[in-house]
Every structure is written in structure tokens, then in C-alpha cells.
Amino acid sequence: MGADEQDRDPSSILRAIDDDQQRAQRALTPNATLLYATWGIAWAVGFLAFYAAFFPVDNPLIPFAVGAAIGGVALVAAIVFSAVHSARRGSGSRGPSVVQGAIYGNIFPVAFTLMGLLGWRLTAAGVPALTMLSYWVAVPCLIVGILFLAGAAMWNERSQLVFGCWTFIVGLVSIALPPPHNLLAGAAGGIGFLVVAVVQSVRPQLTSGPITRSTDG
């Protein structure tokens, strides 16, 4: 360490180290704007398609098969894009964080598989399709909300905190609305993600980056 560095304020050295760490983390972290926009479009298109398949109740705007196909394609496309993008961004990382990411990433398909099987069991037991809409909106919000908040806690990442909190809010609103109008809560949630994507592109410090920094004390 040179004489000029020894004269530096220790707090400024810590801030410089913290800034370097944050730059490295941003280089390996998925683009939050892209992910917000991707999921915003998927939610808005998917839930509106399902809503059109159930409303009006006596004469829906589109057949259920069409609504389910649009919603399914939107969801799968968002999952595939997010997985590929996240894998490419994290391809340069090594060590325990890779194992953490692998475990965390594999929880999603396991949880959604269990959700689907439980939904199938409830439907087979005679729960009406219209009543099941509350399940199909609220349970995914619960799964996604919990996992993203867990991710925010593990990686100190604000974008996951925002994503998880907003998903919980959408789930709560969907329970308050009667089916099939609860599907509109999911569509509004997608529009909310698009708004967050715009905020992220203009003021990224509000929706991404570390929740706390090592220099915060």
C-alpha cells in the first residue's frame, strides 16, 4: 500500500471496496429492466386471455382452450427467457453462490409442479372451475412472493424485494375480488411490473441494487 493510500480515510477505502463489489455483482446479476418487462407482458397478456375465456360467464369472449393456450405460452416464454438470461449473466461466477443459485432456481419448477398437482386434485374432487380461479391466481403469487423475498434476503438484492412485495399485493387483491374478476388483479399486476420496468430504466437506484451496503454500518 502506498503512502498516499495510507493517508486515505478508512471509510473512503471501504466505500471504494464496496463500490467495486457492487460493480462486479451488477455485471453478473440479470438485467432487472428486462425481467420486469418480460414478466409484466406475460402477466398482462396471460391473465387478460384467461379473463376473456371466463367473462361474460354465460358467453365468454374466447374459448377456454384459446385462453389457456395464450396464458400458457406467455408463462412458458417468460420462464424460458428468464432462465436463459439469468444463466448467461451468471456464467462467469464460481463457488458457493453457484450452488445457492442452482438450489434456488430448481425450487421454482418443484413448487409449481406441486401447485399444479394440488389444483388437479381439487378439480377432480369437484371444486368448480370458476371457484378454482382464486386458487390459480393466489397460490402462484404466494409461491413467487415467498421465493423472491427469500432471494432478496440471501443476495441483498432490492429488485427481488420489490418483485416479491408487489406479487404479494397482487395475491391479496385477487383474494378480495370474486372470480372471474380476480383475474384482473393478475393483469393489473403485470401492468405494475411494466411501470416498475420504466422506473428501473430511469431511476435504477429505486428498484435495484443492494438493500443495505456494508458501509451503512
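**Exercise 1. Annotated segments and overall fold**

Over residues 61-81, what percentage of the chain is helix, what percentage is strand, and how far apart are the end C-alpha atoms?

*Solution.* The model is predicted, so that local features need pLDDT of at least 70 and side-chain atom pairs count only at pLDDT 80 or more, while totals for chains, interfaces and linings use all residues. Residues are numbered from 1 along each chain as its sequence is written, and side-chain values use heavy atoms, with hydrogens and water left out.

Step 1. Over residues 61-81 the chain is 86% helix and 0% strand, with end C-alpha atoms 29 Å apart. Helices here are DSSP runs of H or I with at least four residues, strands are runs of E with at least two, and both are numbered from the N terminus.

Step 2. Residues 61-81 are among the stretches listed by UniProt, in an unreviewed entry, under "transmembrane region"; such annotations may be inferred rather than shown by experiment. Another listed stretch is 33-55, over which the chain is 96% helix and 0% strand, its end C-alpha atoms being 32 Å apart.

Step 3. For the chain as a whole, the secondary structure comes to nine helices and zero strands, and 32% of its 217 residues count as buried (under 20% relative accessible area, where exposed means over 50% and partly exposed lies in between, with a 1.4 Å probe and protein chains only).

**Exercise 2. The two sides of helix 7**

Determine whether the length of helix 7 agrees with its residue count, and describe how its buried and exposed residues are placed.

*Solution.* Step 1. Helix 7 covers residues 158-176, and at 1.5 Å a residue its 19 residues should span 27 Å, which agrees with the 28 Å between its end C-alpha atoms; the expected span is 1.5 Å times one less than the number of residues.

Step 2. The buried residues of helix 7 are Ser159, Gln160, Phe163, Gly164, Thr167, Val170, Gly171 and Ser174. They cover an arc of only 125° around the axis, which puts them on the same side of helix 7, the arc being that of the directions from the helix axis to the C-beta atoms. As background, an α-helix has 3.6 residues a turn, so residues three or four places apart point the same way.

Step 3. Leu172 and Ala176 are exposed residues on the face of helix 7 turned away from its buried side. The relative accessible area of Ala176 is 64%, and its C-alpha atom lies 9.4 Å from that of Ser134, a residue 42 positions away in sequence.

**Exercise 3. The partners of helix 7**

Describe how helix 7 packs against helix 6 and helix 8.

*Solution.* Step 1. Helix 6 (residues 129-155) packs with helix 7 at an angle of about 160°, with their axes 8 Å apart. Axes are lines fitted to C-alpha atoms, for helices over the stretch in contact, and angles run from 0 to 180 degrees between N-to-C directions. Helix 6 and helix 7 are therefore roughly antiparallel (an angle over 145 degrees).

Step 2. Helix 7 and helix 8 (residues 182-202) pack at about 155°, with their axes 8 Å apart, which makes helix 7 roughly antiparallel to helix 8.

Step 3. Helix 6 passes helix 7 in a left-handed crossing, whereas the crossing of helix 7 and helix 8 is right-handed; left-handed means that the near helix is turned anticlockwise from the far one by less than a right angle, and right-handed that it is turned clockwise.

Definitions and conventions:
Angles under 35 degrees count as roughly parallel, over 145 as roughly antiparallel, 65 to 115 as roughly perpendicular and the rest as oblique.
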